[in-house]
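Subject: The model, and what turned up in it

Hi there,

Here is the structure I promised to pass on. Please have it open while you read, and my notes follow straight after.

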Amino acid sequence: MLTKIGNWPRAAKRTLMYGSDLLAIPVAFWSAAVVKADGWVVPDRRMVVLFAAAIIAALATFQWAGLYRLVVRFVVPRAGLNIILGVAVSAIAVAIVDRLLPGPYTPISVLATYLVFAVAL
């Protein structure tokens, strides 16, 4: 299967990378909330807004850092730093949006756990 993906056009591979990030970022944030709650968490409207903030900030930072231009098979150490940068910007954006929304704030521990999970994914 990897050989077949390697033969895809560049635009299709980039779309696959965007799609995987669109899925991984909210999964990482939701997983962080589940760990903090020590049980199942049903995403509410607030969490969906925070998902959107995380996705927009991360994808914009990844794009700016050139992660979607990298040749995937030659990932360099700098790419790892760019991933950490993108996720950190995403976590900061989530914290800012969270503080602007009414209601109880998301604990900082959730944002820190999100950062670790998102980098790991």
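Let me start with one residue. Ser 90 sits in helix 4 (residues 77-100); helices here are DSSP runs of H or I with at least four residues, strands are E runs of at least two, and both are numbered from the N terminus. Ser 90 is buried, at a relative accessible area of 0%. For that word the cut-offs are under 20% relative accessible area for buried, over 50% for exposed and partly exposed in between, with a 1.4 Å probe and protein chains only. The side chain of Ser 90 also makes a polar contact with the side chain of Tyr 114, at 2.6 Å. A polar contact is a pair of N or O atoms within 3.5 Å; within protein, one must be able to donate a hydrogen and the other to accept it, and residues adjacent in sequence count only if both atoms are side-chain atoms. If neighbours within four places in sequence are left aside, Ser 90 is in contact (heavy atoms within 4.5 Å) with Ala 54, Ala 57, Ala 58 and Tyr 114.

A word on how to read all this. This is a predicted model, in which local features need pLDDT of at least 70 and side-chain atom pairs count only at pLDDT 80 or more, while totals for chains, interfaces and linings use all residues. Residues are numbered from 1 along each chain as its sequence is written, and side-chain values use heavy atoms, with hydrogens and water left out.

How confident is the predictor? The pLDDT, its confidence in each residue from 0 to 100, has a mean of 87 for the protein, and 92% of the residues reach 70 or more. Among the elements, helix 5 (residues 108-120) has the highest mean, 93, and helix 1 (residues 2-6) the lowest, 70. Where pLDDT is low, the predicted coordinates should not be read in detail.

Now the overall picture. The protein has five helices and zero strands. Its C-alpha atoms fill a box of roughly 50 × 25 × 20 Å along the principal axes. Of the 121 residues, 35% are buried. Among contacts with a separation of 6 or more, 67% are between residues 24 or more positions apart.

Helix 2 (residues 10-37) has 28 residues and spans 41 Å from first C-alpha to last, close to the 40 Å expected at 1.5 Å a residue; the expected span is 1.5 Å times one less than the number of residues. Its buried residues include Met 17, Asp 21, Ile 25 and Phe 29, and the buried residues of helix 2 pack against helix 3, helix 4 and helix 5. Towards its end is Val 34, which is 24 residues from Arg 10 in sequence and 36 Å from it in space, C-alpha to C-alpha.

What happens just after helix 2? There, Asp 38 takes a positive phi of about 55°, although it is not a glycine. Asp 38 lies in the loop between helix 2 and helix 3 and, at 71% relative accessibility, counts as exposed. Helix 3 (residues 45-65) has 21 residues and reaches 30 Å, close to the 30 Å expected. Gly 66 follows helix 3, with a positive phi near 85°.

Back in helix 4, there are 24 residues, and the helix reaches 35 Å against an expected 34 Å. Buried residues there include Asn 82, Gly 86, Val 87 and Asp 98. The buried residues of helix 4 pack against helix 2, helix 3 and helix 5.

Which residues have the most contacts inside the largest nonpolar core? They are Ile 25, Phe 29, Met 47, Phe 62, Val 94 and Tyr 114, in a core of 27 residues. Helix 2, helix 3, helix 4 and helix 5 each give two or more residues to this core, and helix 3 gives the most, with nine. Such a core is a set of buried Ala, Val, Leu, Ile, Met, Phe, Trp, Tyr and Cys residues joined through side-chain atoms within 4.5 Å. Not counting residues up to four places away in sequence, Phe 62 touches Asp 21, Leu 67, Tyr 68, Asn 82, Ile 83, Gly 86 and Val 87.

One last residue: Thr 106 lies in the loop between helix 4 and helix 5, and is buried at 12% relative accessible area.

Best wishes

Conventions: pLDDT is the predictor's confidence in each residue, from 0 to 100.
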